[in-house]
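Good morning, everyone, and thank you for making time for this. I would like to walk you through one structure, slowly, a few residues at a time, so please have it open as we go.

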Amino acid sequence: QVQLVESGGGLAQPGGSLKLSCAASGFTLSGYTVSWYRQAPGKERELVATITRAGGTRNYADSVKGRFTISRDNARNTAYLQMNNLKPEDTAVYYCNAVSIYFSSQNYWGQGTQVTVSP
């Protein structure tokens, strides 16, 4: 069974940190580009960060540059999003996405994890 499972969300204070994990099962994550998206209440889902299969290229939304770091450990079949200097506007449900570099139809989503940044 193909699954992406996010974890690590929760409540953080402004200026705090959280590290999200995205564990893949049922497929080998190393053949996939991995992205993190987020969706705040009443807003559209937005792309936060992307990492290529070997981690050679990482791209970030302007709103998180310098604060968030995307990484992956293909040996553990897991990707991560380290979030530092969190702001209230980072509050959202964060989703992990994996798209095969060979077959774009192999496009998987996790169930999401809630991140809330509040004093």
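Let me begin with a question: which side chain has a polar atom 2.8 Å from the backbone nitrogen of Leu29? It is the side chain of Asn77, and before I say more about that residue I should add that what you are looking at is a predicted model. Asn77 sits in the loop between S7 and S8, and with a relative accessible area of 16% it is buried, because the cut-off for that word is under 20%. If you look around Asn77, leaving aside residues up to four places away in sequence, you will find that it touches Cys22, Ala23, Ala24, Ser25, Phe27, Thr28, Leu29 and Ser30.

Leu29 leads us to the interior, since it is one of the residues with the most contacts inside the largest nonpolar core, together with Trp36, Leu81, Met83 and Tyr94. That core has 29 residues, and the elements giving two or more residues to it are strand S3 (18–25), strand S4 (32–39), S5, S7, S8, S9 and strand S11 (113–117). To take Leu81 as an example, its contacts beyond four places in sequence include Trp36 and Tyr94, and also Leu18, Leu20, Val48, Phe68 and Ile70.

From the core I would like to move to strand S5, residues 46–51, where Thr50 is found. Is Thr50 buried or exposed? Its relative accessibility is 16%, so it counts as buried. The side chain of Thr50 makes a polar contact, at 2.9 Å, with the side chain of Ser35, and Ser35 is also among the residues that Thr50 touches, along with Thr33, Val34, Thr57, Arg58, Asn59 and Ile70. Thr50 and Ser71, which are 21 residues apart in sequence, have C-alpha atoms 9.0 Å apart in space.

Let me turn now to charges. Side chains of opposite charge can pair when their charged atoms come close. In this model the count comes to five salt bridges, and I will describe some of them. Asp90 and Arg67 meet in one, with 2.7 Å from N to O, and this pair links distant parts of the chain, 23 residues apart: Asp90 is in the loop between strand S8 (78–83) and strand S9 (92–100), while Arg67 is in the loop between strand S6 (58–60) and strand S7 (68–73). Both Asp90 and Arg67 are buried.

Another salt bridge joins the side chains of Asp73 and Arg76, at 3.3 Å from N to O; here Asp73 counts as partly exposed, at 25% relative accessibility, whereas Arg76 is exposed, at 61%. Elsewhere, salt bridges that share partners join Arg38, Glu46, Arg67 and Asp90 into one network. Lys65 and Asp62 also form a salt bridge, at 3.2 Å from N to O, and Asp62 counts as exposed, with 66% relative accessibility.

Finally, which residues form a nonpolar patch on the surface? They are Ile101, Tyr102 and Phe103, which together have about 340 Å² of accessible area. Tyr102 lies in the loop between S9 and strand S10 (107–109), and its relative accessibility of 56% is why it counts as exposed.

That is where I will stop, and I am glad to go back to any of these residues with you.

Notes: Residues are numbered from 1 along each chain as its sequence is written. This is a predicted model: local features need pLDDT of at least 70, side-chain atom pairs count only at pLDDT 80 or more; totals for chains, interfaces and linings use all residues. Side-chain values use heavy atoms; hydrogens and water are left out. Helices (H or I, at least four residues) and strands (E, at least two) are DSSP runs, numbered from the N terminus. Buried means under 20% relative accessible area, exposed over 50%, partly exposed in between (1.4 Å probe, protein chains only). Contact means heavy atoms within 4.5 Å. A polar contact is a pair of N or O atoms within 3.5 Å; within protein, one must be able to donate a hydrogen and the other to accept it, and residues adjacent in sequence count only if both atoms are side-chain atoms. A salt bridge is a side-chain nitrogen of Lys or Arg within 4 Å of a carboxyl oxygen of Asp or Glu. A nonpolar core is a set of buried Ala, Val, Leu, Ile, Met, Phe, Trp, Tyr and Cys residues joined through side-chain atoms within 4.5 Å. Patches are made of residues with over 30% relative accessible area and no salt bridge: like charges are joined within 9 Å, nonpolar side chains (Val, Leu, Ile, Met, Phe, Trp, Tyr) within 5 Å. Accessible areas come from the Shrake-Rupley method with a 1.4 Å probe; for residues, only the protein chains shown count as cover.
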